[in-house]
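Please find below a note on the dimer model under review. The points concern the contact between the chains, the relation of the copies, the core and the strand pairing.

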2 protein chains.
Amino acid sequence: MNHVEAPCYAVIFTATLTEDNDGYVAMAKKLQTLVENQPGYLGVRGVTKRDREITVSYWRTLEDIQSWKEQPHHATAQALGKSKWYSDYQVEICKMERGYSRSV
Amino acid sequence: MNHVEAPCYAVIFTATLTEDNDGYVAMAKKLQTLVENQPGYLGVRGVTKRDREITVSYWRTLEDIQSWKEQPHHATAQALGKSKWYSDYQVEICKMERGYSRSV
């Protein structure tokens, strides 16, 4: 994704995955397609290695974050995450105050 | 790391690594030892897979973030990152407004 300009919001999602990844990759792909049409969505950066995932998504407003949280397919994914895919997770809603990027 | 209570600050560091990782792991270990004694440091979460790194560190105040940025060993690491280890990177300073965690 491109550089994101402050002010905007970042949702930091950190999780530990269980060994049950049935449906996980398919759901991640489906959500990525859906989120790109979601109002206020600015982009995402994520890295998953073995059982550790960090995904940071960027949003224009807090209301945009709330709307995505309530999106029906995303709500289903959250429920599956709790019941199957994640053994623990953290969600942090942050206001980006400043950011800079550099291509070396 | 444990759950971090808002209000606090998160520094989201995202980078693409070059193929030159000489000294990278040793520096990461050294910085981890140093940062744990840095005033206002609350914790870190990071995942690196192949050439992608996301590291989120948590701080009590913006002044604590600035002090760590200026810490001499960290400043050396930043210079080496620019000259050797990273082909691009983004740094985002964010105020955590709320957060929740769950063990499933």
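The numbered points below set out the conventions and then the structure.

1. Conventions. This is a predicted model, in which local features need pLDDT of at least 70 and side-chain atom pairs count only at pLDDT 80 or more, while totals for chains, interfaces and linings use all residues. Residues are numbered from 1 along each chain as its sequence is written, and chains are lettered from A and ligands numbered from 1 in the order in which they are written.

2. Contact between the chains. Chain A and chain B each bring 32 residues to the contact, where two residues are in contact if their C-beta atoms, placed from the backbone, lie within 7 Å. On chain B, at least two residues come from each of β1 (8-17), β2 (41-49), β3 (52-59) and β4 (86-103); strands are DSSP runs of E of at least two residues, helices runs of H or I of at least four, numbered from the N terminus. The most is given by β4(B), with 18 residues.

3. Pairing across the contact. Strand β4 (residues 86-103) of chain A runs antiparallel to β4(B), joined by 15 bridges; strands pair if DSSP finds at least two bridges between them. A:Cys94 has B:Met96 as its bridge partner in β4(B).

4. Relation of the copies. A turn of 180 degrees with a shift of 0.0 Å along the axis lays chain B on chain A with an RMSD of 0.0 Å, from a least-squares superposition on the C-alpha atoms of residues with pLDDT of at least 70 in both. That is the relation of a two-fold axis. Both copies use the same surface, as 100% of the contact residues of chain B recur in chain A.

5. Nonpolar core. The largest core holds 27 residues, and those with the most contacts inside it are A:Tyr9, A:Ala10, A:Cys94, B:Tyr9, B:Ala10 and B:Cys94. Such a core is a set of buried Ala, Val, Leu, Ile, Met, Phe, Trp, Tyr and Cys residues joined through C-beta atoms within 7 Å, buried meaning that 20 or more other C-beta atoms lie within 10 Å of a residue's own. Among the residues that B:Ala10 touches are A:Ile12, A:Cys94 and B:Tyr58.

6. Strand β3(A). Six of the eight residues of β3(A) are buried, so this strand is largely enclosed by the rest of the structure. Eight bridges join β3(A) to β1(A) in the antiparallel sense, with A:Ala10 opposite A:Tyr58. β2(A) also pairs antiparallel with β3(A) over eight bridges, and A:Val47 is partnered by A:Ile54. These two strands, β2(A) and β3(A), form a hairpin with two residues between them.

How values were computed
A residue is buried if 20 or more other C-beta atoms lie within 10 Å of its own, exposed if 12 or fewer, and partly exposed in between; C-beta atoms are placed from the backbone. Lists of a residue's contacts leave out its neighbours within four places in sequence.
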